[in-house]
Amino acid sequence: PAFRTAVSELEEKGWLEHRDYSAAEIRHWIGFSAGDMWKSFQPDFTSRQRETGSSRIGALMTEAIRAGRARLYPGTEETLEILAASYDLWFLSNCKISYMESHRQMFGLDRWFVRYLCTEAYGFIAKEEILLQAADPDRRYIAVGDKAQDRQMAGRTGIPFVGCAYGFGTPEELAGADL
């Protein structure tokens, strides 16, 4: 909904021609950093146009989360309880800080996660660079995710990858997962 609303507003500004985007097209961009999403979605936009669109989508998503319209997938809380009992869980995402903090507060994520890393806090560098900076070389890590970016980060850092079929990724994006 945030994407569709922001695109409609950009159309009203005359920045975009009207077009109906399929759910599959929109899902494709989920998991990208905001900058990478806009470079892929509208490569001819100026940096001001990208920032305007990105900020609007972010604000709309944060509003929806705070209004209680976000939901965890069924079984998420039980799974996180089990994992957090034996492992230190880190939240590593291409998201913006406001998005992460909204979810953290809405769902009480501190019950499970001990560390939060999002690309905005690191100038939108790649997740694998963040992980390499933050990780203790004497510890073992596993990446869990639902998008190609998650699988690629795991591959580039040499850690096992658990692909989750519950989310926005496609089976093709998860091909090559260790589990």
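Phe45 is buried in this predicted model, with a relative accessibility of 7%, and its ring forms a stacked aromatic pair with that of Trp38, the centres lying 5.9 Å apart and the planes 15° from each other. Trp38 counts as buried as well, because its relative accessibility is 2%, which is under the 20% that sets the limit for a buried residue. A pair of aromatic rings is described by the distance of the centres and the angle of the planes, and both values are worth following through the next example. The structure holds 14 aromatic pairs, and one of them joins Tyr21 to Trp29 in an edge-to-face arrangement, with 6.4 Å from centre to centre and 65° between the planes. Tyr21 and Trp29 are both buried. These rings belong to a wider group, for ring pairs link Phe3, Trp15, Tyr21, Trp29, Trp38, Phe41 and Phe45 into a cluster.

How far can the coordinates be trusted? The chain averages a pLDDT of 94, and 100% of the residues score at least 70. Among the elements, helix α2, residues 23–29, has the lowest mean pLDDT at 89, whereas strand β2, residues 113–118, has the highest at 97.

Helix α6, which spans residues 97–107, has Met100, Ser102, His103 and Phe107 as its buried residues. They cover an arc of only 160° around the axis, and therefore they lie on the same side of α6. What covers these buried residues includes helix α4 (47–66), strand β1 (89–93) and strand β2. Just after α6, Gly108 takes a positive phi of about 60°.

Helix α6 also carries charged side chains. Side chains of opposite charge can pair when their charged atoms come close, and the structure holds nine salt bridges. One of them joins Glu101 to Arg104, with the closest N and O atoms 3.4 Å apart; both residues lie in α6, three residues apart, which is about one turn of the helix. Arg104 also meets the side chain of Asp110 in a salt bridge, at 2.7 Å from N to O, so that Glu101, Arg104 and Asp110 are linked in a network of salt bridges. Each member of this network is partly exposed: Glu101 has a relative accessibility of 33%, Arg104 has 24%, and Asp110 has 47%.

A further salt bridge is formed by Arg156 and Glu128, whose closest N and O atoms are 3.0 Å apart. This pair links distant parts of the chain, since Arg156 lies in helix α8 (residues 148–157) and Glu128 in helix α7, 28 residues apart. The two partners differ in their surroundings, because Arg156 counts as exposed at 55% relative accessibility, whereas Glu128 counts as buried at 13%.

Finally, which residues surround Thr119, leaving aside its neighbours within four places in sequence? Thr119 is found in the loop between β2 and α7 (127–134), and it is in contact with Ser33, Ser93, Asn94, Cys95, Phe124, Ile125, Lys127 and Ile130. One of these residues, Asn94, offers its backbone oxygen, which the side chain of Thr119 reaches at 3.2 Å. Thr119 counts as buried because its relative accessible area is 0%.

Notes
Residues numbered from 1 in each chain as written. Predicted model: local features only at pLDDT ≥ 70, side-chain atom pairs only at ≥ 80, totals over all residues. Heavy atoms only, no water. pLDDT = per-residue confidence, 0-100. Helix = DSSP H or I, 4+ residues; strand = E, 2+ residues; numbered from the N terminus. Buried < 20%, exposed > 50% of the residue type's maximum accessible area, 1.4 Å probe, protein only. Polar contact = N/O pair within 3.5 Å; in protein donor to acceptor, adjacent residues only side chain to side chain. Contact = heavy atoms within 4.5 Å. Arc of directions from axis to C-beta. Salt bridge = Lys/Arg side-chain N within 4 Å of Asp/Glu carboxyl O. Phe/Tyr/Trp six-rings, centres within 6.5 Å; stacked < 30°, edge-to-face > 60°.
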